[in-house]
Amino acid sequence: MSSSRCSYRDGVLQVEKASLPVLAQHFGTPLYVYSRRAITEAWQGFARPLAGTPHLACYAVKANSTLAILQLLAQLGAGFDIVSVGELQRVLRAGGDPRRIVFSGVGKRTDELLRALDAGIHCFNVESETELLRLNELTLARGTRAAVALRINPDVESGTHPHVATGHGAAKFGIDPARAEAVALNMGKFPGICLTGLACHVGSQLVQAAPWRAAAKRLAQLADRLAAQGITLAHLDFGGGFPVRYHDESLPDTGALLKEFRTLAEARGLGMLIEPGRAIVAGAGVLLTRVEYVKPTPHGRFVIVDAGMTELIRPALYDAWHEIRAVISRTEAKAEWCDVVGPVCESADFFARDRRLAVQAGDLLAVMDAGAYGFSMSSNYNSRPRAAEVLVDGEHVTLIRRRETLDDLMALEELLPE
Ligand code: LLP
């Protein structure tokens, strides 16, 4: 989290003006704590460089899809990038404008396509010819047309974690550019489709800008080839992937990158679209957790906390690094090397390995930069009720999702009849 939104005051960690021990006492732990200011500022950081050019900035809902967060972003003027009917429903419930929604994803079901057509979304980012055929049939049956951008697979190695790299040739995402060109030249076959754009998404947490630039160029070159053959588009979609600093990564300058994309689009008289997720919310959230036990072993010291991979699976899934801060700094105690782990029965259930922390049982810890892909990837594994979420605005704190109860855990289930 930007240090201006999460900082120590008299040795106690605060989010904006809310003291984390007070929040823990009031709402319990584990607890996701978000800063409204941090989200607003992150959003404005994307909106500003795009001012004055035709654009649509679509927040990638998967990063954090809690209603109040979507509502805040809708109020800030955000569009939304969705990948399911569930995300569509959330955006609509939160007051998002359907005309500012793009629908991405390789496996859109018929009911999902229909629901999005009903809602009147801005554009479908189509990922295969079979999807195009299906959408065409659906629109013809209704006597309407759907706006479509073809998602290109630019075949670049993005250098990010293999699980979140999506732009290499072997990935399941997008259409090969030559094939997309052939499809675009043959749109007469799809009278229910209006081809309005080209899209790409190279991967997430793109700490190297070069592959992304190469992909953007490929997109623009394809638009040029199409224009030369009489096919004019309305926009280029450069996807998401804008990185955040979790540790000591050196990051490309997002403002400069946006400017480059803007130039590519403007030079062709096209609008531009982006789909940032992580960069809007990651730094705006901490996961507040309490130390249950400190367990010294012959092999090392484990700090066992009450949050786990069920609340933040990123370390387990991507070996991701998250900073861990003591909520009350213990100046008197000696910092010791330790692993910070959760209570879940998996060895992958860890937050940090080999960190120096001065902590005792009962202390509170803040897992930093947990606003993106934290709650949205949470689970009930080990029958753990999902944690609560609060949004802080100055001194004001709103519970935006209550903690699940044990009854919630079993609410959808039935025992066998006697
Ligand atoms: N657009 C599309 C089509 C996407 O697939 C994604 C993310 C985004 C935009 C937003 O990417 P972002 O700006 O957030 O990097 N769970 C992983 C990240 C998975 C990203 C999946 N797609 C993690 O925790 O690192």
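Here are three short exercises on the ligand site and the inner space of this structure.

This is a predicted model, so local features need pLDDT of at least 70 and side-chain atom pairs count only at pLDDT 80 or more, while totals for chains, interfaces and linings use all residues. Residues are numbered from 1 along each chain as its sequence is written, and side-chain values use heavy atoms, with hydrogens and water left out.

**Exercise 1.** Find which residues come nearest to the ligand.

Solution. Start with the shell: 20 residues surround the ligand (a heavy atom within 4 Å puts a residue there). Next, pick out the nearest: Ser204, Glu275, Arg314, Tyr318 and Tyr373. Now look at polar contacts (pairs of N or O atoms within 3.5 Å). A ligand oxygen is 2.4 Å from a side-chain N or O atom of Ser204. For Arg314 that kind of distance is 2.6 Å, and for Tyr373 it's 2.6 Å too.

**Exercise 2.** Work out where the ligand lies relative to domain 1 and domain 2.

Solution. First, get the bounds, which come from an automatic or database domain assignment: domain 1 is 6-35 + 282-410 and domain 2 is 65-276. Then check the shell: both domains give residues to it, so the ligand lies between them.

**Exercise 3.** Say how many cavities of 30 Å³ or more a search finds, and what lines the largest.

Solution. On a 1 Å grid over the protein atoms alone, a cavity is a set of points where a 1.4 Å probe fits but cannot get out. The whole-structure search gives one, with a volume of about 40 Å³. Finally, read its lining (an atom within 4 Å of a point): among them are Ser104, Arg151, His201 and Glu275.

Note on methods: Polar contact = N/O pair within 3.5 Å; in protein donor to acceptor, adjacent residues only side chain to side chain. 1 Å grid on protein atoms, 1.4 Å probe; cavity = no way out; pocket = protein on both sides within 12 Å on 5 of 7 lines; lining within 4 Å. Points joined across faces, edges and corners; volume = space filled by probe spheres on them.
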